[in-house]
Amino acid sequence: MPRPIVATIHVDSIKHNLAVAKQRSPGAKAWGVLKANGYGHGLERVMRGLAEADGLALVEFDNAVRLREMGWKKPILLLEGFFGPADLKTMAGYDLQSAVHCTEQLEWLEAAQESLSARGIKFDLHLKMNTGMNRLGFMPDAYAAAHARLSAISCVGSITLMTHFANADDVDHPLMPITEQIRRFELGAAGLPGLRSLSNSAGVLLHHDTLRNDWVRPGIMLYGGTPGGGTAEEFGLQPAMTLSSELIGIQDIAAGDAVGYGSRFQAEGPMRIGVVACGYADGYPRHAPLGTPVLVDGVKTRLAGRVSMDMLTVDLTDLPSARVGSKVTLWGRGLPIDDVAESAGTIGYELMCALAQRVPVVEG
Ligand SMILES: Cc1ncc(COP(=O)(O)O)c(C=O)c1O
């Protein structure tokens, strides 16, 4: 028998969540963001879930090629851009669109334009503005010049105006509120032609009334996680991954007994401790503290003891009917991944992406 841990991917929930994104983006087309193996859900499965998306966006060239090989016909966008001149060949061969965010990329395009144009190749590109995230993109005051330089390259087709928000989930952010990023975007893009692509999930969910997008780029919301600013349930999102396992052992311990490595958890009174086949080598966060929520037979209880490589321990004191073989939910349907992430001091994004390869994945 295999270990009882399994990740169940709910493809219908991805479809549902995409419909929520589209509903919140009237008039805009939607890229379905599926970088990092579809945020850990599996590229092919997510591609099916996002069949109604207008395009797919990611950062990995090999997976962009895989999407084409698996039959995706609509646009594909490389959000981090191309990493060297050789990537232009792949972009041409597989009809890939790309972000352009630095001068080096302009130089690579200029150097390759003659041979690419001779083959009739025209790239649809997304010129990224750095409006305050200070990660990728041209500064607002350099944006028009970058746009002019890109427009002059013969192998360039369309140019979409693009930026990315640092704090779309926190309207009143003291350092970089979204209003300031929008102000900078409007300044830098003033008078430039082109479609606009601004919103991530938080932009879609929290700012759809005020932002003007031709294309939106939702990611986390498609998987049923919140980007912040509200719970997934409040936004009408459904979890796309349920990580479940079973109890594989039970210990009755006395007051003063300690559990697990480091003997971090000490019982204050007699307790039942359940041992779950799930550990950090499965992608469960090792730093999840005492009290992190876990469901046993659908009833919420708590982590008790340090998470080890293959196992974690839970408090069954108030669950007298729990047995070896009882069903355990680590996150997903019935237990929001964001609640587990919050307890562990991280975000749902990280937990999804960290699902380990050894965990069997099924659909359901
Ligand atoms: C450029 C860009 N657009 C969109 C997204 C999707 O963001 P989210 O998952 O918060 O919706 C990301 C993710 O980091 C991104 O880097």
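Q: Which residues come nearest to the ligand?
A: This is a predicted model. The ligand has 14 residues around it. Those that come nearest are Tyr-39, Ser-201, Gly-219, Ile-220 and Tyr-349.

Q: How far from an oxygen atom of the ligand does a polar side-chain atom of Ser-201 lie?
A: Ser-201 is among the residues that come nearest to the ligand. Its contact is made by a polar side-chain atom, with an oxygen atom of the ligand as partner. The distance is 2.5 Å.

Q: Which atom of Ile-220 lies 2.8 Å from an oxygen atom of the ligand, backbone or side-chain?
A: Ile-220 is also among the nearest residues. For Lys-35, a polar side-chain atom lies 3.0 Å from a ligand oxygen. For Ile-220, the atom at 2.8 Å is a backbone N or O.

Q: How much of the ligand's exposed area does the protein bury?
A: Taken alone, the ligand exposes 400 Å². The share of that area buried by the protein is 90%.

Q: How many residues of each class make up the shell around the ligand?
A: The shell holds charged, polar and nonpolar residues. Four are charged and four are polar. The nonpolar residues number six.

Q: On which side of H8 do Ile-178, Gln-181, Phe-185, Gly-188 and Ala-189 lie?
A: Helix H8 runs over residues 178-189. Ile-178, Gln-181, Phe-185, Gly-188 and Ala-189 are buried there. Because they cover an arc of only 95° around the axis, they sit on the same side of H8.

Q: Which residues are exposed on the other side of H8?
A: The buried residues of H8 include Phe-185 and Gly-188. Across the helix, the exposed residues are Thr-179 and Leu-187.

Q: Is Pro-177 buried or exposed?
A: Pro-177 is in the loop between strand S7 (156-163) and H8. The cut-off for a buried residue is under 20% relative accessible area. At 19%, Pro-177 is buried.

Q: What span does helix H7 reach from its first C-alpha to its last?
A: H7 covers residues 140-151, twelve in number. At 1.5 Å a residue, 16 Å is expected. The span in the model is close to that, at 17 Å.

Q: Why do the buried residues of H7 line one face of the helix?
A: The buried residues are Pro-140, Tyr-143, Ala-146, His-147 and Leu-150. In general, an α-helix has 3.6 residues a turn, so residues three or four places apart point the same way. On the other side of H7, Asp-141 and Ala-145 are exposed. The buried residues line one face because, seen down the axis, they fall within an arc of 105°.

Terms used: Residues numbered from 1 in each chain as written. Predicted model: local features only at pLDDT ≥ 70, side-chain atom pairs only at ≥ 80, totals over all residues. Heavy atoms only, no water. Near = heavy atom within 4 Å. Polar contact = N/O pair within 3.5 Å; in protein donor to acceptor, adjacent residues only side chain to side chain. Areas by Shrake-Rupley, 256 points an atom, 1.4 Å probe, with all protein chains shown as cover. Nonpolar A, V, L, I, M, F, W, Y, C, P; charged D, E, K, R; others polar. Helix = DSSP H or I, 4+ residues; strand = E, 2+ residues; numbered from the N terminus. Expected span 1.5 Å × (residues − 1). Buried < 20%, exposed > 50% of the residue type's maximum accessible area, 1.4 Å probe, protein only. Arc of directions from axis to C-beta.
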